[in-house]
Amino acid sequence: MLTKVVLASWLVLWISSCAVNSAEDLKTRAFRLMSETPLIDGHNDLPWQFRKQFNNELTKVDLYKLSTTHTNIPKIKEGRLGAQFWSAYVPCDTQYKDAVRQTLEQIDVVHRMCEKYPETFMFASSSKEIMDAFAMNKTASLIGVEGGHSIDSSLGTLRTMYHLGVRYLTLTHSCNTPWADNWLVDTGSEPSEHNGLSPFGKQLILEMNRLGMLIDLAHVPVTVMNQVLGMSQAPVIFSHSSAYSVCPHKRNVPDEVLLKVREKKGVVMVNFYNDYVTCSKTANLSDVADHFDHIKKVAGVDIIGFGGDYDGVTRVPEGLEDVSKVPDLVAELLRRGWTDEEVKKALGDNLLRVFTEVERVRDSLKGSKPDDVPIPYADVQNPCRTSYGYPDNAGAVHSVSALTLLLTLALQVLVH
């Protein structure tokens, strides 16, 4: 009898040991894959925390010791963060006021962060520079502007931000712009003003193709998703959105759109915000992995990426409390049977493919001139906006001009 008890005890210990060793093996494998392919995260709001907590005074910030955010340098190192699109976000109530100034200040603070910590960050504005930074064991730091209100309906402002290093624009945040509806339209809480995109909004899409700027469809309604997927010459991204079939929140991506993203060869970068993961206040790491599995099942592994939304949300899943925890999610995907190749695609290879193709489309359009047809003044008229340069009948004249230009550009798309 004693022998049986001893054997049973040894068996329990052996099984426990195997389970521990298996978990350790998965984590080791995750670290190996993340040393071979950069983890590229589509969205992090640390720059907004700089404004909220320090009014962008980086002299008051020590990123090695900062403890009031999801993101700091030790957490970045532990999380093996290879590249990050830092969000240049300003709230919707800046629209028609000082959105452009505030956005420029957010762009500036990302540049200053890279300059203050050159041993950790390398500013990047191309697919090649992401890999250059990865080879130097630095986190490639890119900028995405979160919300079309930040450009104040100006293609000149869009181009200026591109020249400052911005590489994606989220078309809307949580407010309509004078040229695009936002995701809240699909909830019924806000009315549609443009049936998706206005003629100027369609101009903007083509100008982003010409510039080589990634088009981000997080925060837009399904109508805009479909319009952009139908007209963009380049692949698109969802920088921080999850699967609607898993959590039916209007910020997430429906299955029929996932299939169109596959056709366009784009990428959906999974958001970790509890409300978008489980449609409730609580979630865990396994729930996030369910979104990865669903997108893979519906549209294939080639459209999946990581878009944590750290420091932009108030609730994150158990097991993914900050940026240091992402390797645990990678290990969970491996536990679920994802192959090394599939994991590496989700980590960064998919986003690199999309970015490279956006750059290729840009290069193919080098002969195209910048679009200098402004938005009709009637579409943007408000007490804070002057009308210098517009004739008295600007609204009617420029509406016709915009439509003519769109027809011309559409013909160019067909030719290409």
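Colleague: What share of the chain's 416 residues counts as buried?
Modeller: Keep in mind that this is a predicted model. The chain folds into 15 helices and nine strands. Of its 416 residues, the share that counts as buried is 56%.

Colleague: And among contacts between residues at least 6 apart in sequence, what share joins residues at least 24 apart?
Modeller: Here we leave out pairs that sit fewer than 6 places apart in sequence and look at the contacts that remain. The share of those joining residues at least 24 apart is 72%.

Colleague: Which residues have the most contacts inside the largest nonpolar core?
Modeller: In soluble globular proteins, nonpolar side chains tend to be buried together. In this chain the largest nonpolar core has 95 residues. Apart from that one lies another core of 22 residues, with Ala133, Ala140, Leu214 and Val358 among them. Back in the largest core, the residues with the most contacts are Leu63, Leu171, Leu204 and Phe306.

Colleague: Let's try a helix: how far apart are the end C-alpha atoms of H11?
Modeller: Helix H11 covers residues 285-299, which makes 15 residues. At 1.5 Å a residue, the helix should span 21 Å. The model agrees with that, as the end C-alpha atoms are apart by 22 Å.

Colleague: What do the buried residues of H11 pack against?
Modeller: Start with who is buried: Leu285, Val288, Ala289, His291, Phe292, His294, Ile295 and Ala299. Their packing partners include both helices and strands. The partners are helix H9 (255-264), strand S8 (267-270), helix H10 (274-277), strand S9 (304-306) and helix H12 (326-335).

Colleague: On to empty space: which strand gives the largest share of the lining of the largest cavity?
Modeller: There are two cavities of 30 Å³ or more, and the largest holds about 60 Å³ of space. Its lining is Leu39, Asp41, His43, Asn44, Gly79, Leu81, Gln84, Tyr310, Val323 and Val326. Strands S1 (39-44) and S2 (81-88) each supply at least two of these residues. The largest share, four residues, comes from S1.

Colleague: How many charged residues are in the lining of the second largest cavity?
Modeller: This cavity has about 40 Å³ of space. Gln95, Tyr96, Gly148, His149, Asp152, Ser153, Thr177, Pro178 and Trp179 line the cavity. By class, three are nonpolar and five are polar, and the number of charged residues is one.

Colleague: Asp152 is in that list, so is it buried, partly exposed or exposed?
Modeller: Asp152 sits in the loop between strand S4 (139-146) and helix H6 (155-163). Its phi is near 55°, a positive value in a residue other than glycine. Most residues other than glycine have a negative phi. With a relative accessibility of 29%, Asp152 counts as partly exposed.

Colleague: What about Asp311, buried or exposed?
Modeller: Asp311 is found in the loop between S9 and H12. Asp311 is not a glycine either, yet has a positive phi of about 65°. The cut-off for buried is under 20% relative accessible area. At 4% relative accessibility, Asp311 counts as buried.

Colleague: Which helix gives the largest share of the lining of the largest pocket?
Modeller: The largest pocket has about 390 Å³ of space. Of the 22 residues that line the pocket, Asp45, His173, Asp309, Gly312 and Val313 are the closest to its centre. By class the lining has five nonpolar, eleven polar and six charged residues. The largest share, three residues, comes from helix H2.

Colleague: How far apart in space are His70 and Gln49, C-alpha to C-alpha?
Modeller: His70 lies in the loop between H2 and helix H3 (73-78), and is buried at 16% relative accessible area. Beyond neighbours within four places in sequence, its contacts include Tyr310, Asp311 and Val313. His70 and Gln49 are 21 residues apart in sequence, and their distance in space is 9.9 Å.

Colleague: Last one: which residues does Ser126 contact, leaving aside neighbours within four places in sequence?
Modeller: Ser126 is in the loop between strand S3 (121-123) and helix H5 (127-135). With a relative accessible area of 17%, Ser126 is buried. Once those sequence neighbours are set aside, its contacts are Phe355 and Glu359.

Conventions: Residues are numbered from 1 along each chain as its sequence is written. This is a predicted model: local features need pLDDT of at least 70, side-chain atom pairs count only at pLDDT 80 or more; totals for chains, interfaces and linings use all residues. Side-chain values use heavy atoms; hydrogens and water are left out. On a 1 Å grid over the protein atoms alone, a cavity is a set of points where a 1.4 Å probe fits but cannot get out, and a pocket is an open set with protein on both sides within 12 Å along at least five of seven lines; lining residues have an atom within 4 Å of a point. Grid points are joined across faces, edges and corners, and a volume is the space filled by probe spheres set on the points. Helices (H or I, at least four residues) and strands (E, at least two) are DSSP runs, numbered from the N terminus. Ala, Val, Leu, Ile, Met, Phe, Trp, Tyr, Cys and Pro count as nonpolar, Asp, Glu, Lys and Arg as charged, and the others, Gly among them, as polar. A nonpolar core is a set of buried Ala, Val, Leu, Ile, Met, Phe, Trp, Tyr and Cys residues joined through side-chain atoms within 4.5 Å. Buried means under 20% relative accessible area, exposed over 50%, partly exposed in between (1.4 Å probe, protein chains only). The expected span of a helix is 1.5 Å times one less than its number of residues. Contact means heavy atoms within 4.5 Å.
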